[in-house]
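Colleague: Could you take me through one part of this model in detail? I would like a close look at the residues annotated as the active site.

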Amino acid sequence: MLTEKQICGVYVPVVTPFNAAGEVDLDSYQRYVKSILNNSIQGLVVNGTTGESPTVNINELQLLVNASRELLQSSSVPLIVGTGTNDTRSTVTRTELAANLGADAVLVVVPYYSRPSQEGIIAHFRKAAEVGIPVIAYDIPGRTGVGLTVDTARTILEMNNVVGLKDCSGSPKLVTELTRYGSKPVLCGDDINFFDMLGHGAAGGMLASANVKPAEFIQIYEYFRSGQLDLAKQAFDNLVPLIRLLFKESNPAPIKWFLSQSGSITSDTLRLPLTSISQSLQEELGLHLHQNPLALEA
Ligand SMILES: O=C(O)C1=N[C@H](C(=O)O)C[C@H](O)C1
């Protein structure tokens, strides 16, 4: 089970590879996750936004969690499973499933689309937390249509079994307010703000771009943690052009294209309504990849 202490460093929300027919490509997934685990990541996140959670059904989720658990057999890296939906009952069902399959924690997003009140959001997280498995709450108002106020985030973080927050709110305000007087750990989920958010109290990051550059993000974190701020800033600045390209169109389309071009996964297939990246972004990313080839590990 994931503890608050373990919420630090770099968590990788992995992509879910699909074959050309749009089915989960388990072989590709296993090869890919193995290669990610060659890095000193602090957590593996399955079925996050980057794992295309809105289109992964519960049977496929089970398949992915089982495969991940097997890959992590002799590893101490915790397994976090995205189980949040915009329906409290289905969130609870998925959270129970993840707990039964041996996940170490679940990632529960603020319920999207319905635009619930702050009260409704709190009740949603209370139900998820009652399942008993550690919960990381996930605030991403740009995607969900409603965000956490500081007070709501505090209330959620004070619940038993809630162990931390993934903050994709787009500004350092929430992390600053929460950590000022001490709170459960907050992970940055805004890749472009990673360096800033560390400075404002984030304990680490859950970063889609770390699919592409795991070692580099870990190095930034290590520099920061050891007080080598200039080196951390320089290393982060080196990644900024790539991060901008990876978020120029909807995540995870650019990341999947990049990973498939570099041979890390077999295909960049996405499920509708997501579509592959534009020709112009392919050219920009292709140029970047040509100039900075990925170091592939078996
Ligand atoms: O999958 C995730 O977890 C993340 N998703 C965010 C998004 O797609 O908006 C970005 C963040 O890097 C991690």
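Modeller: Happy to. Let me begin with the lysine: leaving aside neighbours within four places in sequence, Lys166 is in contact with Leu107, Ile136, Ala137, Tyr138, Asp139, Leu187, Gly189 and Met206. Please keep in mind that this is a predicted model.

One name in that list deserves your attention, because the "active site" annotation in the unreviewed UniProt entry covers Tyr138 and Lys166. The two span 29 residues in sequence, yet their C-alpha atoms are no more than 4.7 Å apart, so they gather at one spot. Of these residues, the lining of the largest pocket includes Tyr138.

Now for where each of them sits. Tyr138 belongs to strand E5, which runs over residues 135-139, while Lys166 is found in strand E6, residues 162-167. The side chains also meet: that of Lys166 makes a polar contact with that of Tyr138, at 3.4 Å.

How about exposure? Tyr138 has a relative accessibility of 5%, so it counts as buried. Lys166 is buried as well, with a relative accessible area of 5%; the cut-off for that word is under 20%.

To finish the picture, here are the surroundings of the tyrosine. Setting aside neighbours within four places in sequence, Tyr138 is in contact with Thr49, Phe125 and the run Leu107, Val108, Val109 and Val110, and also with Leu165, Lys166 and Cys168. Leu107 is a contact of Tyr138, and Leu107 is listed for Lys166 too.

Definitions and conventions:
Residues numbered from 1 in each chain as written. Predicted model: local features only at pLDDT ≥ 70, side-chain atom pairs only at ≥ 80, totals over all residues. Heavy atoms only, no water. 1 Å grid on protein atoms, 1.4 Å probe; cavity = no way out; pocket = protein on both sides within 12 Å on 5 of 7 lines; lining within 4 Å. Helix = DSSP H or I, 4+ residues; strand = E, 2+ residues; numbered from the N terminus. Buried < 20%, exposed > 50% of the residue type's maximum accessible area, 1.4 Å probe, protein only. Contact = heavy atoms within 4.5 Å. Polar contact = N/O pair within 3.5 Å; in protein donor to acceptor, adjacent residues only side chain to side chain.
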